[in-house]
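This report covers side-chain pairs and backbone features in one chain. It deals with salt bridges, a disulfide and some uncommon backbone geometry.

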Amino acid sequence: MNIKLILSASALTLLLLPAIPLKADDCIAGAASSPETNIPTGIRFHNDTAYAFRIYWADFEGNLREYALVQPGEESGFQTYVHHRWFVEVYTPEGSYCAGPISAPDTETCDMRVLFDNHDPSVGLDGGYCDY
């Protein structure tokens, strides 16, 4: 089989990963690497949940690098690059849940509100100027 075809199919699969909530272990296993871009932008996360969450950046090998712990009602922002992939892991009494990848599609700062529904445990995302 052609190696370029296999690599193209693998890359397409990573791009099509849903931004739906996953258990924390699935977030780590499913992290897509950030592309090596050089167009600066910003990303900001707002915690609109009753729980703390961690913010991770997926490095160029797909490893998650922790950037912040955000408490309820707080926000945290970072300088980043267009299409770099970010994840959030929300900690609840029932366990932790992951959402992502989240990225800024252009030079406008991406603002992501993180929500959590206790009735149907899931991480909700509401992002102005964000891809997710």
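The model is predicted.

## Salt bridges

Side chains of opposite charge can pair when their charged atoms come close. The count of salt bridges in this model comes to five. The table gives three of the five, among them a pair formed by Asp48 and Arg113.

| Acidic residue | Basic residue | N to O distance |
|---|---|---|
| Asp48 | Arg113 | 2.6 Å |
| Glu66 | Arg54 | 2.8 Å |
| Asp59 | Arg65 | 2.9 Å |

The side chains of Asp48 and Arg113 meet at 2.6 Å, N to O. This pair links distant parts of the chain, 65 residues apart: Asp48 sits in the loop between strand E2 (40-47) and strand E3 (53-58), and Arg113 sits in strand E8 (residues 110-117). Asp48 has a relative accessible area of 40%, so it counts as partly exposed. Arg113 is also partly exposed, with a relative accessible area of 32%.

Arg54 and Glu66 form another salt bridge, with 2.8 Å between their closest N and O atoms. Arg54 belongs to strand E3 and Glu66 to strand E4 (residues 64-70), so this salt bridge ties together parts that lie 12 residues apart in sequence. Arg54 is partly exposed at a relative accessible area of 23%, and Glu66 is partly exposed at 44%.

In the salt bridge of Asp59 with Arg65, the closest N and O atoms are 2.9 Å apart. Is Asp59 buried or exposed? Its relative accessible area is 4%, and Asp59 is therefore buried, the limit being under 20%. Its partner Arg65 has a relative accessibility of 42% and counts as partly exposed. Salt bridges with shared partners also join Asp48, Arg113 and Asp126 into one network.

## Disulfide

A disulfide is a covalent bond between the sulfur atoms of two cysteines. The model has one disulfide. It is formed by Cys110 and Cys130, whose sulfur atoms are 1.8 Å apart. The link of Cys110 and Cys130 is right-handed, with 115° about the S-S bond. Which parts of the chain does the pair of Cys110 and Cys130 link? Cys110 is in strand E8 and Cys130 is in the segment after E9, so the disulfide connects distant parts of the chain, 20 residues apart. Cys110 has a relative accessibility of 0% and counts as buried. Cys130 counts as buried as well, at 10% relative accessibility.

Strand E8 thus appears in two of these links, because it holds Arg113 of the salt bridge with Asp48 and Cys110 of the disulfide.

## Backbone geometry

Most residues other than glycine have a negative phi, and most peptide bonds are trans. Where does the model hold a cis peptide bond? Such a bond joins Gly100 and Pro101, with omega at about 5°. Pro101 is placed in strand E7 (residues 95-102).

Two residues have a positive phi without being glycine: His83, at about 70°, and Tyr129, at about 65°. His83 is in the loop between strand E5 (75-81) and strand E6 (86-92). With a relative accessibility of 35%, His83 counts as partly exposed. Tyr129 is in the segment after strand E9 (122-128), and Cys130 of the disulfide is also in the segment after E9.

Notes: Residues are numbered from 1 along each chain as its sequence is written. This is a predicted model: local features need pLDDT of at least 70, side-chain atom pairs count only at pLDDT 80 or more; totals for chains, interfaces and linings use all residues. Side-chain values use heavy atoms; hydrogens and water are left out. A salt bridge is a side-chain nitrogen of Lys or Arg within 4 Å of a carboxyl oxygen of Asp or Glu. Helices (H or I, at least four residues) and strands (E, at least two) are DSSP runs, numbered from the N terminus. Buried means under 20% relative accessible area, exposed over 50%, partly exposed in between (1.4 Å probe, protein chains only). A disulfide is a pair of cysteine sulfur atoms within 2.5 Å.
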